[in-house]
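Open the model in your viewer and keep the sequence beside it. We will go from stop to stop, selecting as we go.

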Amino acid sequence: PIADIVYQHHEKLDGSGYPLGLKGDKILLEARTLVLANVVEAMLSDRPYRPALPLQKVMDEITRQKDILYDAMVVEACIQLMLNENFHP
């Protein structure tokens, strides 16, 4: 199952991801979680072409894409974790 999770971690809820173009529940829950963690980590990290994005902007973006690209339950759990006073990007 770990290989399948990793293989699916670029799939998006609306089917726009890759490599299989899976949609919705066809994507393993663990892969839906990993894709969001990957996106959030990328946005909160400095990149050679841009500085890290502010936490509020990251939360706004993943909320905007909830039920489109990202699983709503995973987004809500992620937002709750980021709102925790012990969370430090």
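Select arginine 32 to begin. Arginine 32 is buried, with a relative accessible area of 11%. Buried means under 20% relative accessible area, exposed means over 50%, and partly exposed lies in between (1.4 Å probe, protein chains only).

A word on the source: this is a predicted model, where local features need pLDDT of at least 70 and side-chain atom pairs count only at pLDDT 80 or more, while totals for chains, interfaces and linings use all residues. Residues are numbered from 1 along each chain as its sequence is written, and side-chain values use heavy atoms, with hydrogens and water left out.

**Around arginine 32**

Show the helix next. Arginine 32 sits in helix H2, residues 29-44. Helices (H or I, at least four residues) are DSSP runs, numbered from the N terminus.

Now add aspartate 71. Its side chain makes a polar contact with the side chain of arginine 32, at 2.5 Å. A polar contact is a pair of N or O atoms within 3.5 Å; within protein, one must be able to donate a hydrogen and the other to accept it, and residues adjacent in sequence count only if both atoms are side-chain atoms.

Add isoleucine 27 as well. Its backbone oxygen lies 2.9 Å from a polar atom of the arginine 32 side chain.

**Where H2 meets H3**

Select H2 together with helix H3, residues 55-64. Their axes come within 10 Å and cross at roughly 145 degrees. Axes are lines fitted to C-alpha atoms, for helices over the stretch in contact, and angles run from 0 to 180 degrees between N-to-C directions.

Which residues make the contact? From H2, pick Leu36, Val40, Met43 and Leu44; from H3, pick Leu55, Val58, Glu61 and Ile62. Contact means heavy atoms within 4.5 Å.

**The nonpolar core**

Keep Leu36, Val40 and Ile62, then add Tyr70 and Met82: these have the most contacts inside the largest nonpolar core, which has 15 residues. Such a core is a set of buried Ala, Val, Leu, Ile, Met, Phe, Trp, Tyr and Cys residues joined through side-chain atoms within 4.5 Å. H2, H3 and helix H4 (72-83) each supply at least two residues of this core.

Zoom in on leucine 36. Not counting residues up to four places away in sequence, leucine 36 touches Ile62, Tyr70, Val74, Val75 and Cys78.

**Last stop: tyrosine 7**

Select tyrosine 7 in helix H1, residues 2-7. Is tyrosine 7 buried or partly exposed? Tyrosine 7 is partly exposed, with a relative accessible area of 46%.
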